[in-house]
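Let's walk through this structure together, starting from the inside. Keep the model open and turn it as you read.

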Amino acid sequence: MSEHERFGLVSRRDLLNIAAVGASALVTSGVSYAASAAPKKFTQKQAHYQPIPKSGQRCQTCALWQPPTDCQQVEGPVSPAGWCILYVRKS
Ligand code: SF4
């Protein structure tokens, strides 16, 4: 499936919601989660999670990955070899 075809599977509403919440989470992740009890995570379905890498991108190299099987934004468990549309390369 091409990148364009895969992108077509994501509804505009899903994409806008994920982009808005993801951007907000990225901005606040450097501050603290102390102010909120338990940050709500996306379901794996919402994040279009897959248990295999995509185009060389994988959870293990994502800034949101929390070893060994957790993610800051997506409900676990997630595989180190997994991937989702919220992927952010570690700097
Ligand atoms: S790619 Fe990143 S954001 Fe997505 S599930 Fe893996 S660690 Fe989480």
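What follows is a short tour of a cavity, a ligand and one glutamine side chain. Bear in mind that this is a predicted model.

Start with the empty space you get when only the protein atoms are considered. How many cavities of 30 Å³ or more are there? The count comes to one, and about 100 Å³ of space lies in the largest cavity. Its lining is made up of 13 residues, and the ones closest to the centre are Cys59, Cys62, Cys71, Cys84 and Tyr87. Sort that lining by class and you get twelve nonpolar residues, one polar and no charged ones.

So much for the walls; now for the occupant. The ligand takes up the space of this largest cavity. Around the ligand you'll find Tyr49, Cys59, Cys62, Leu64, Trp65, Cys71, Val74, Cys84, Leu86 and Tyr87. What classes of residue make up this shell? Ten are nonpolar, with no polar and no charged residues in the shell. Cysteine counts as nonpolar in this scheme, so keep that in mind when you read the tally.

Now move along to glutamine 50. You'll spot this residue in the loop that runs between helix H2 (12-29) and strand S1 (65-66). Is glutamine 50 buried or exposed? Its relative accessibility is 13%, so glutamine 50 counts as buried, the cut-off being under 20%.

Which backbone atoms does its side chain meet? A polar atom of the glutamine 50 side chain lies 3.1 Å from the backbone oxygen of isoleucine 52. The backbone oxygen of proline 53 is 3.3 Å from a polar atom of that side chain.

Methods:
Residues are numbered from 1 along each chain as its sequence is written. This is a predicted model: local features need pLDDT of at least 70, side-chain atom pairs count only at pLDDT 80 or more; totals for chains, interfaces and linings use all residues. Side-chain values use heavy atoms; hydrogens and water are left out. A residue is near a molecule or strand if one of its heavy atoms lies within 4 Å of it. On a 1 Å grid over the protein atoms alone, a cavity is a set of points where a 1.4 Å probe fits but cannot get out, and a pocket is an open set with protein on both sides within 12 Å along at least five of seven lines; lining residues have an atom within 4 Å of a point. A molecule sits in a cavity or pocket if more than half of its atoms lie within 2 Å of its grid points. Helices (H or I, at least four residues) and strands (E, at least two) are DSSP runs, numbered from the N terminus. Buried means under 20% relative accessible area, exposed over 50%, partly exposed in between (1.4 Å probe, protein chains only). A polar contact is a pair of N or O atoms within 3.5 Å; within protein, one must be able to donate a hydrogen and the other to accept it, and residues adjacent in sequence count only if both atoms are side-chain atoms. Grid points are joined across faces, edges and corners, and a volume is the space filled by probe spheres set on the points.
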